[in-house]
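Thanks for coming. I will take one structure and go through its enclosed space, its strands, its cysteines and a few backbone details.

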Amino acid sequence: EIAANGLDDDGNGGADDVHGGNFANGTGDPTGLPGTPTNGQHGTHTAGIAAAVTNNATGVAGTSWNAKLMPINASSPVTDQAIAYGYEGILYAGENGADVINCSWGGLGSPSIFEQEVIDHVWQLGSAVVGAAGNNNSGLPHYPSAYRHVLSVANVSNFDVRNTTSNHGPTVDVSAPGTNIYSTIPGGYGLMTGTSMSSPQVAGLCALVKTRWPGYTADQVMERTRVTSDNIDMVNPAYAGMLG
């Protein structure tokens, strides 16, 4: 792709998308929009958790140390704290070669055949999809994290104790710190809490696994991450078996 010439040079359906994609305004600049500032903060915060450069005496350290980042703005163009193009974003990431796709969004409700087929498609392309389990304090399925071929992540403290807002249940695969996490925001750094913060912790770890074993399939990346985690049922006896 050649920047700023208004053309889709690489034929991937997006013009000037050198850095990523923005479905909210149809451009190749994934920067958050002025009308949805919370979404911009949220996306930048999750990006730092997964991929901020380490050991440079600046800001924060991402779990993947120095992964290559493909930022995708899937925000609603007009409604803050709302996702409008989540599955288009997943499709874009998978078809443009993402090894790991982080989804710090979603909701309770019924499954969709179309949405599952999008997940299946990028999984077949080799993308490991990691999803936030949700912040509804619910044991009901939450999507996309509850879909097949998605690694669902619940929120715990630094002491492995479930955050009271975190979803739980049989569809959760692992838990990760997501409480008072310090990371990047536009123009600086700040604290945020939620499974949205837990998910990129695990996405960054998946990037490390893929780096160590580049021939791994998406399932192998997610399973290596899952089966080498610690059992935290002892510090969460009321949620034993429901936190991955």
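By a cavity I mean a set of grid points where a 1.4 Å probe fits but cannot get out. What you see is a predicted model, and every value I give is computed from it.

With that term in place, how many cavities of 30 Å³ or more does a search of the whole structure find? It finds one. The volume of this largest cavity is about 30 Å³. Which residues line the largest cavity? They are Ala133, Leu140, His142, Ser145, Ser152, Asn167, His168, Thr171 and Val172. By class, that lining has three nonpolar residues, six polar ones and no charged ones. As a general remark, rolling a probe the size of a water molecule over the atoms shows where empty space is left.

Next, a pocket. The second largest pocket holds about 440 Å³ of space. Its lining has 21 residues, and Val174, Ser175, Thr225, Ser229 and Asp230 are the closest to the pocket's centre. Which elements supply at least two residues each to this lining? Strand β8 does, and so do the helices α4, residues 195–212, and α5, residues 218–227. The lining of the second largest pocket splits into nine nonpolar, eight polar and four charged residues.

Strand β8 leads on to the sheet. In general, strands of a sheet pair through backbone hydrogen bonds, either parallel or antiparallel. Here there is an open sheet of four strands, in the order β3-β5-β7-β8, and the pairing is parallel. Its edges are β3, residues 100–103, and β8, residues 174–177, each of which pairs on one side only. Ignoring direction, neighbouring strands of this sheet are turned by 30° against each other on average.

At one end of that order, β7, residues 150–156, runs parallel to β8, and four bridges join the two. Ala154 is a useful residue to follow here. It is found in β7, and its bridge partner in β8 is Ser175. Ser175 has come up already, among the residues closest to the centre of the second largest pocket. Is Ala154 buried or exposed? Its relative accessibility is 0%, so Ala154 counts as buried. Ala154 also lies 6.4 Å from Ala176, C-alpha to C-alpha, with their positions 22 residues apart in sequence.

There is antiparallel pairing as well. Strands β9, residues 181–185, and β10, residues 188–192, pair in that sense over five bridges. Within this pair, Tyr182 stands opposite Leu191 of β10. Why do I call β9 largely enclosed by the rest of the structure? Because four of its five residues are buried. The hairpin of β9 and β10 has two residues between the strands, and Gly187 in that hairpin takes a positive phi near 85°.

Now the cysteines. How many disulfides does a search of the whole structure find? Zero. Cys103 is in no disulfide, and the nearest cysteine sulfur, that of Cys206, is 12 Å away. A disulfide here needs the two sulfur atoms within 2.5 Å, so the pair does not qualify. Cys206 is likewise in no disulfide, with the sulfur of Cys103 as its nearest cysteine sulfur. As for exposure, Cys103 counts as buried at 1% relative accessibility. Cys206 is buried too, with a relative accessible area of 0%.

Last, the backbone. The general background is that most residues other than glycine have a negative phi, and most peptide bonds are trans. Which peptide bond is cis in this part of the model, at an omega near 15°? The one from Tyr143 to Pro144. Pro144 sits in the loop between β6, residues 142–143, and β7.

Two residues other than glycine have a positive phi that I want to mention. Asn55 has a phi near 60°, and Ala57 has one of about 60°. Where is Asn55? In the loop between α1, residues 37–51, and β2, residues 72–73. Ala57 is found in the loop between α1 and β2 as well. Asn55 counts as exposed, at 81% relative accessibility. Ala57 is also exposed, with a relative accessible area of 86%.

That is what I have; I will take questions now.

Methods
Residues numbered from 1 in each chain as written. Predicted model: local features only at pLDDT ≥ 70, side-chain atom pairs only at ≥ 80, totals over all residues. Heavy atoms only, no water. Pairing = 2+ DSSP bridges. Axes fitted to C-alpha atoms, helices over the stretch in contact; angles between N-to-C directions. Buried < 20%, exposed > 50% of the residue type's maximum accessible area, 1.4 Å probe, protein only. 1 Å grid on protein atoms, 1.4 Å probe; cavity = no way out; pocket = protein on both sides within 12 Å on 5 of 7 lines; lining within 4 Å. Points joined across faces, edges and corners; volume = space filled by probe spheres on them. Nonpolar A, V, L, I, M, F, W, Y, C, P; charged D, E, K, R; others polar.
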